[in-house]
Amino acid sequence: MNSWINLDALWKIVVVGLLTGAGLPALFALGLRLLNPPGPPGPSGPTGEAAVDRPTAGPVGYALAVLSFAVVLASIGWGISVIVGHS
């Protein structure tokens, strides 16, 4: 094993990097998707909107979206507090 590379620290950095680098944006995108569920396919053309009603998110969709946004905001707040606390 190479003494220059600390494998224990390396896997921790990789996991945290994946969670914050890809996980938080994916969680935010999931929250947005929960607020706007896909509707039935409609006619596409120059007029734009389809003549059918789009489904709403419903109370479960809103609750899950709020939960995902709260996790993202809490993670951002925690990150800021760690940065400020170490200065």
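**Serine 68 and its helix**

Modeller: In this predicted model, helix H2 has 28 residues and spans 40 Å from its first C-alpha to its last, close to the 40 Å expected at 1.5 Å a residue.

Biologist: Thanks! Where does serine 68 sit?

Modeller: Serine 68 lies in helix H2, which covers residues 58-85.

Biologist: Why is serine 68 called buried?

Modeller: The word applies to residues under 20% relative accessible area. Serine 68 has a relative accessible area of 5%, so it is called buried.

Biologist: What makes Leu27 and Gly31 contacts of serine 68?

Modeller: Contact asks for heavy atoms within 4.5 Å. Once its neighbours within four places in sequence are left aside, serine 68 is in contact with Leu27 and Gly31, so each of these has heavy atoms within 4.5 Å of serine 68.

Biologist: Which residues of H2 are buried?

Modeller: They are Gly58, Gly61, Ala65, Ser68 and Val72. Here is a handy rule: an α-helix has 3.6 residues a turn, so residues three or four places apart point the same way.

Biologist: And what do the buried residues of H2 pack against?

Modeller: They pack against helix H1, residues 7-35.

Biologist: How many helices and strands does the protein chain have?

Modeller: The chain has two helices and zero strands. Of its 87 residues, 10% are buried.

Biologist: What supplies the exposed area of the chain?

Modeller: The protein chain exposes about 7,000 Å², and carbon and sulfur atoms supply 73% of that. As for contacts with a separation of 6 or more, residues 24 or more positions apart account for 50% of them.

Technical notes. Residues are numbered from 1 along each chain as its sequence is written. This is a predicted model: local features need pLDDT of at least 70, side-chain atom pairs count only at pLDDT 80 or more; totals for chains, interfaces and linings use all residues. Side-chain values use heavy atoms; hydrogens and water are left out. Helices (H or I, at least four residues) and strands (E, at least two) are DSSP runs, numbered from the N terminus. Buried means under 20% relative accessible area, exposed over 50%, partly exposed in between (1.4 Å probe, protein chains only). The expected span of a helix is 1.5 Å times one less than its number of residues. Accessible areas come from the Shrake-Rupley method with a 1.4 Å probe; for residues, only the protein chains shown count as cover.
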